[in-house]
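Got your viewer open? Load the model, switch to cartoon, and let's take a walk through it.

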Amino acid sequence: MSVYNLKAGESARIVKINVTGNAAVRLNSLGVACGKEVTALAFSLFKSSVLIGCGAVRLGLRKSLAEQIEVEPCA
(Lines give C-alpha, C1' and ligand atoms only; values in the text may rest on other atoms or scores of the structure.)
Protein backbone atom coordinates (compact mmCIF):
# COMPACT_ATOMS: atom_id res chain seq x y z
CA MET A 1 0.00 0.00 0.00
CA SER A 2 1.31 3.47 -0.83
CA VAL A 3 0.63 6.99 0.42
CA TYR A 4 -1.35 7.56 -2.78
CA ASN A 5 -3.78 4.75 -1.80
CA LEU A 6 -4.75 6.41 1.49
CA LYS A 7 -8.09 8.20 1.71
CA ALA A 8 -8.21 11.87 2.69
CA GLY A 9 -7.80 12.11 6.46
CA GLU A 10 -6.39 8.59 6.82
CA SER A 11 -3.07 8.02 8.62
CA ALA A 12 -0.43 5.32 8.23
CA ARG A 13 3.17 4.56 9.18
CA ILE A 14 5.93 4.71 6.55
CA VAL A 15 7.51 1.30 5.99
CA LYS A 16 9.77 1.88 2.97
CA ILE A 17 10.67 4.77 0.68
CA ASN A 18 11.62 3.59 -2.83
CA VAL A 19 13.11 6.93 -3.90
CA THR A 20 16.74 7.73 -4.68
CA GLY A 21 18.76 10.83 -5.45
CA ASN A 22 17.78 14.38 -4.62
CA ALA A 23 14.15 13.47 -3.91
CA ALA A 24 15.22 11.03 -1.17
CA VAL A 25 17.51 13.64 0.41
CA ARG A 26 14.77 16.27 0.30
CA LEU A 27 12.16 13.97 1.86
CA ASN A 28 14.58 12.96 4.63
CA SER A 29 15.48 16.58 5.40
CA LEU A 30 11.78 17.41 5.73
CA GLY A 31 11.28 14.56 8.22
CA VAL A 32 9.51 12.14 5.89
CA ALA A 33 11.33 8.93 6.84
CA CYS A 34 10.71 5.28 7.68
CA GLY A 35 8.84 4.79 10.94
CA LYS A 36 7.13 8.21 10.83
CA GLU A 37 3.36 8.62 10.74
CA VAL A 38 1.95 10.30 7.65
CA THR A 39 -1.57 11.60 6.96
CA ALA A 40 -3.13 12.14 3.54
CA LEU A 41 -4.71 15.58 3.98
CA ALA A 42 -6.17 16.23 0.52
CA PHE A 43 -5.96 15.27 -3.15
CA SER A 44 -5.90 17.51 -6.20
CA LEU A 45 -8.89 17.70 -8.53
CA PHE A 46 -7.96 14.75 -10.75
CA LYS A 47 -5.85 12.96 -8.09
CA SER A 48 -2.62 13.95 -9.83
CA SER A 49 -1.07 15.00 -6.50
CA VAL A 50 -1.58 14.55 -2.78
CA LEU A 51 -1.05 16.86 0.19
CA ILE A 52 0.46 14.96 3.13
CA GLY A 53 1.23 15.85 6.70
CA CYS A 54 4.19 14.34 8.53
CA GLY A 55 4.86 15.82 11.96
CA ALA A 56 4.78 19.61 11.61
CA VAL A 57 5.44 19.47 7.85
CA ARG A 58 2.82 19.67 5.09
CA LEU A 59 4.07 18.58 1.71
CA GLY A 60 2.58 18.25 -1.76
CA LEU A 61 3.68 15.16 -3.69
CA ARG A 62 3.16 14.16 -7.30
CA LYS A 63 1.33 10.88 -7.88
CA SER A 64 4.51 9.16 -9.12
CA LEU A 65 6.44 10.04 -5.94
CA ALA A 66 3.54 9.27 -3.58
CA GLU A 67 3.20 5.79 -5.10
CA GLN A 68 6.83 5.03 -4.15
CA ILE A 69 6.29 5.62 -0.42
CA GLU A 70 5.04 2.37 1.10
CA VAL A 71 2.92 2.56 4.26
CA GLU A 72 1.04 0.29 6.64
CA PRO A 73 -2.12 1.25 8.53
CA CYS A 74 -1.64 2.53 12.09
CA ALA A 75 -2.81 0.17 14.83
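The tour starts with the whole chain, moves on to the sheet, and then zooms in on a few side chains.

**Stop 1: the whole chain**

Keep in mind that this is a predicted model. Colour by secondary structure and you should find two helices and five strands. Trace the chain from the N terminus and the elements come up as β-α-β-β-β-α-β. Along its principal axes, the C-alpha trace spans about 30 × 30 × 25 Å. The radius of gyration is 11 Å, which agrees with the value near 11 Å for a compact globule of 75 residues. Colour by accessibility next: buried residues account for 29% of the 75 residues. If you like contact maps, take the contacts between residues at least 6 apart in sequence: 58% of them join residues at least 24 apart.

**Stop 2: the sheet**

Now select the strands and hide the rest. In what order do the five strands sit in the open sheet? Reading across, the order is β4-β3-β2-β1-β5, with antiparallel pairing. The edges are β4, residues 57–62, and β5, residues 69–73, and each of these pairs on one side only. Look at how the strands cross: ignoring direction, neighbours in this sheet are turned by 45° against each other on average.

Turn on backbone hydrogen bonds here, because strands of a sheet pair through them, either parallel or antiparallel. Zoom in on β1 and β5, an antiparallel pair joined by five bridges. One residue to pick out is K16, whose bridge partner in β5 is E70.

**Stop 3: two rings**

Show side chains for Y4 and F43. How many aromatic pairs does the structure hold? There is one, and you are looking at it: Y4 and F43 meet edge-to-face, 6.0 Å centre to centre with 85° between the planes. That angle counts as edge-to-face because the cut-off is over 60 degrees.

Y4 belongs to the segment before β1 (11–17), while F43 is in strand β2, residues 37–43, so to speak a link between distant parts of the chain, 39 residues apart. Is Y4 buried or exposed? Y4 counts as buried because its relative accessibility is 11%, under the 20% limit. F43 has a relative accessible area of 23%, so F43 is partly exposed.

**Stop 4: K47, over both rings**

Add K47 to the selection. You'll find K47 in the loop between β2 and β3. The charged end of K47 sits over the ring of Y4, 5.0 Å from the ring centre. K47 also lies over the face of F43, at 4.6 Å from that ring's centre. With 36% relative accessibility, K47 counts as partly exposed.

Check the backbone while you are here. What is the phi of K47? It is positive, about 55°, although K47 is not a glycine. For context, most residues other than glycine have a negative phi.

**Stop 5: S48**

Last selection: S48, in the loop between β2 and β3 (49–54). At 47% relative accessibility, S48 counts as partly exposed. Which residues does S48 touch, leaving aside neighbours within four places in sequence? The contacts are R62 and K63. To finish, draw a distance from S48 to L6: these residues are 42 apart along the chain, and their C-alpha atoms are separated by 14 Å.

Definitions and conventions
Residues are numbered from 1 along each chain as its sequence is written. This is a predicted model: local features need pLDDT of at least 70, side-chain atom pairs count only at pLDDT 80 or more; totals for chains, interfaces and linings use all residues. Side-chain values use heavy atoms; hydrogens and water are left out. Rings of Phe, Tyr and Trp (its six-membered ring) pair if their centres lie within 6.5 Å; planes under 30 degrees apart count as stacked, over 60 as edge-to-face and the rest as tilted. Helices (H or I, at least four residues) and strands (E, at least two) are DSSP runs, numbered from the N terminus. Buried means under 20% relative accessible area, exposed over 50%, partly exposed in between (1.4 Å probe, protein chains only). A charge sits over a ring if NZ of Lys or CZ of Arg is within 6 Å of the ring centre and within 35 degrees of the ring normal. Two strands pair if DSSP finds at least two bridges between them. Axes are lines fitted to C-alpha atoms, for helices over the stretch in contact, and angles run from 0 to 180 degrees between N-to-C directions. The radius of gyration is taken over C-alpha atoms; the globule rule is 2.2 Å times the number of residues to the power 0.38. Contact means heavy atoms within 4.5 Å.
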